[in-house]
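Biologist: Please take one part of this model and examine it closely, beginning with how far it is covered and then moving outwards to its surroundings. Kindly state the cut-off behind each term as you use it.

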Amino acid sequence: MQHPFDISADHLCQRLQQALADLADLGEPVTPAAARALDRLCHAASDSDGIAAGPRVAVALADIHADLPTLVAALLADPGLADDAEPPFDHAVFERDSRADVQHLLAAIERMRGWEADYPAPRSERQREYWRRLLLAGARDARAVLIDLAYRLEGMRALVDEPDEAVRRQYAGMTLAVHAPIAHRLGLGQVKWELEDLAFRHLEPTTYVEIARLLDERRASREAYLSHIEGKLQHALMQAGIRAEVYGRPKHIYSIWGKMRRKQLSFEGLFDVRALRVQVDSVTDCYAALSVVHELFRPIPSEYDDYIARPKPNGYQSLHTAVEADEGKVVEIQIRTERMHAFAEYGVAAHWRYKGGGGGENPFDMQVESLRQGLSRGEIRPLAAPMVYAFTPGGELVELPAEATVLDFAYRIHTHLGHRCRGAKVNGQIAPLKTQVVNGDVVEVLTHKEPAPSREWAHAKSGFLRSASSRAKVRNWFAQFDREDARERGRLHCERLYRRFSMDAEARRRLLTALGVNSEEQLFLAVGNHRIATETLQAAARAQLGADADRSARPPRPAVAESELPPEPPGGRSLVIENQSIDGLKVTPAKCCQPQPGERVMAFLSRSQGYKLHRPDCRNLAHLAGCYPERVLPVEWPEQANG
């Protein structure tokens with residue numbers, strides 16, 4: 001994808017016309033009218049800008065056999081080409097599908113350029129990754145990404161002429177953080193290396209110049225040594241009957257610097273400063289050539305990688321090895337087929353000429369891989385990204401599930417912001433809470449002073465929240481709100497009861513024990529949530545008052561037996577059952593001893609079933625009285641029951 005700035009516009013346009021003829025050879029004929037229109041457009045772009053970026057980008061894409069809509073869009077995307085360029089460009093000369101593709105590509109390129117122009121380079125790795133995904137998902141077409149990368153490369157080549165250092169560093173920073181990794185993800189090795197080197201030149205000029213000087217000082221001796229090793233290896237491969245091309249591998253300054261820093265090595269300690277590439281006809285020949293290399297030179301086991309059997313996530317395949325060659329010098333050698341080399345250089349674009357593929361690591365990478373496989377079959381399919389990426393007003397990207405709403409956006413930033421959300425602005429326009437976010441939207445959340453979510457938000461069918469995690473946050477808020485509200489209601493009710501019965505701290509403690517709760521907070525919540533009925537609470541409180549009076553008269557008894565029953569007050573038992581209830585609580589005979597009407601009975605206050613009547617000699621009653629003496633009451637059957 002490289003053409004010198006000084007190449008003439010006429011020559012570029014001739015190259016483009018030859019590319020159109022090549023498309024016909026590949027089964028994509030171009031009508032004469034379309035060819036003439038494209039030629040006029042090429043010259044118009046050249047005349048409108050002295051640098052002629054559009055024709056150079058179009059020719060670079062033509063070199064990898066890009067289709068007709070890609071070439072047209074590459075020319076029309078030239079920033080120097082005015083909309084009213086003469087002669088006017090007639091879209092009607094193209095087939096309907098081609099016209100639609102061109103318009104689609106131009107819209108995608110315009111979106112990407114708008115995002116890149118409006119925001120600074122991301123600082124955190126997470127934000128960088130969000131940016132890469134935004135550009136890939138926002139383009140929804142690999143061809144638009146290729147055009148954008150080609151123009152970015154043109155911009156980096158011309159960046160040396162930019163007088164403002166801040167502008168240079170900003171442009172280079174975005175390139176290194178976002179565009180070079182995208183090129184790598186798509187397998188565009190040639191574009192990736194050049195973008196990185198050009199960006200590194202502006203971001204770390206001193207280091208760049210120092211490494212370039214070291215490379216240049218040793219160039220003559222290094223090239224002479226590699227020429228000798230190259231000839232020796234070429235002869236050995238020929239003797240083994242392997243047809244191969246052996247040549248030196250380009251040195252990339254950013255890659256060298258990265259390896260020096262990562263492995264903490266000096267320039268002299270690097271393996272890949274001396275590097276060769278072996279290109280063979282088949283995968284079988286790759287491994288055969290590897291055997292020859294290892295027989296000829298001593299291999300370094302730790303530096304061997306088989307990316308053919310285990311391709312990189314972006315689909316890259318090759319054999320990498322490092323050997324100790326003549327004079328004890330280390331040489332790095334890559335072995336690959338022509339098809340692997342095409343993919344390494346052009347990645348996704350290589351599918352216009354070759355069939356191949358790779359593997360994915362996460363759902364988004366799997367979508368990229370699906371796109372890559374589609375291209376291998378000649379299909380141009382959109383990238384169905386599982387997530388969308390929207391900007392905060394400050395330029396931070398937020399990752400959201402597909403079809404997420406602006407309310408999801410608020411909850412994704414912070415739970416409290418979601419609770420306070422009352423509306424939003426999307427790209428400066430007021431938008432309802434159900435508005436779905438699309439890639440590149442700028443969302444500003446409008447808020448209440450206090451949290452005021454709606455219970456309706458928690459329902460998936462309402463359409464307010466698409467994210468299950470956001471709906472869970474709403475449910476949690478109302479659960480906590482309801483809990484606090486119930487606790488406060490219970491506290492007020494219990495405090496009224498304490499005052500009514502003049503209960504001191506000890507009586508309150510016994511009340512908690514009688515009701516089976518561990519703390520007053522639990523009691524308040526249980527009363528407020530109606531898990532402890534008001535009648536049960538009042539009866540337990542009365543029982544404590546009775547227990548207090550009984551304790552003041554005599555010591556407590558651990559068991560209740562017929563001979564140990566408390567003395568009856570004048571006129572009968574202390575309480576009388578009327579209408580099968582005591583203080584509004586239900587009264588039922590216990591199943592363990594089944595007392596009958598007219599018999600002497602004792603009542604035990606249960607936690608949830610009211611009073612249970614037991615015979616005085618019941619073993620269960622004796623056990624319950626030993627554990628909860630304050631909950632055992634002497635009662636009598638109603639007179640009508642005795643009758």
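Modeller: Strand β6 is largely enclosed by the rest of the structure, because eight of its eight residues are buried. Buried here means under 20% relative accessible area, while exposed means over 50% and partly exposed lies in between, with a 1.4 Å probe and protein chains only. Strands are DSSP runs of E with at least two residues, helices are runs of H or I with at least four, and both are numbered from the N terminus. The model is a predicted one, in which local features need pLDDT of at least 70 and side-chain atom pairs count only at pLDDT 80 or more, whereas totals for chains, interfaces and linings use all residues. Residues are numbered from 1 along each chain as its sequence is written, and side-chain values use heavy atoms, with hydrogens and water left out.

In a regular strand, side chains alternate between the two faces of the sheet. In β6 both faces are covered: V330, E332, Q334 and R336 are buried on one side, and V331, I333, I335 and T337 are buried on the other.

Two strands pair with β6. Pairing requires that DSSP finds at least two bridges between the strands. With β2 (residues 275-280), β6 (residues 330-337) pairs in the parallel sense over six bridges. Within that pairing, R277 has Q334 as its bridge partner, and V280 stands opposite T337. On the other hand, β5 (residues 319-324) pairs with β6 in the antiparallel sense, again over six bridges, and V323 has V331 as its bridge partner in β6. β5 and β6 form a hairpin with five residues between them, and in the turn E327 has a positive phi of about 65°.

The neighbour β2 is itself mostly covered, with six of its six residues buried. A275, R277 and Q279 lie on one side of β2, and L276, V278 and V280 on the other, all of them buried. β2 also pairs with β1 (residues 244-248), here in the antiparallel sense over five bridges. R277 recurs in this pairing, since Y247 stands opposite R277.

On the β5 side, V323 deserves a separate word. This residue of strand β5 is buried, with a relative accessible area of 0%. Contact means heavy atoms within 4.5 Å. Leaving aside neighbours within four places in sequence, V323 is in contact with K329, V330, V331 and I333, among others. The contacts of V323 also include V293, H294, F297, R298, P299 and I300. V293 is 30 residues from V323 in sequence, and the two are 8.1 Å apart in space, C-alpha to C-alpha.

β5 and β6 also help to line the largest pocket, which has a volume of about 1,500 Å³. A pocket is found on a 1 Å grid over the protein atoms alone: it is an open set of points with protein on both sides within 12 Å along at least five of seven lines, in contrast to a cavity, where a 1.4 Å probe fits but cannot get out; lining residues have an atom within 4 Å of a point. Grid points are joined across faces, edges and corners, and the volume is the space filled by probe spheres set on the points. Of the 49 lining residues, the closest to the centre of the largest pocket are K192, W193, E196, H252 and S255. The elements that give two or more residues to this lining are α8 (165-185), α9 (189-203), α12 (253-263), β5, β6 and α14 (338-346). The largest share, ten residues, comes from α12.

As for the wider setting, the protein has 23 helices and 17 strands, and buried residues make up 49% of its 643 residues. Among contacts between residues at least 6 apart in sequence, 67% join residues at least 24 apart.
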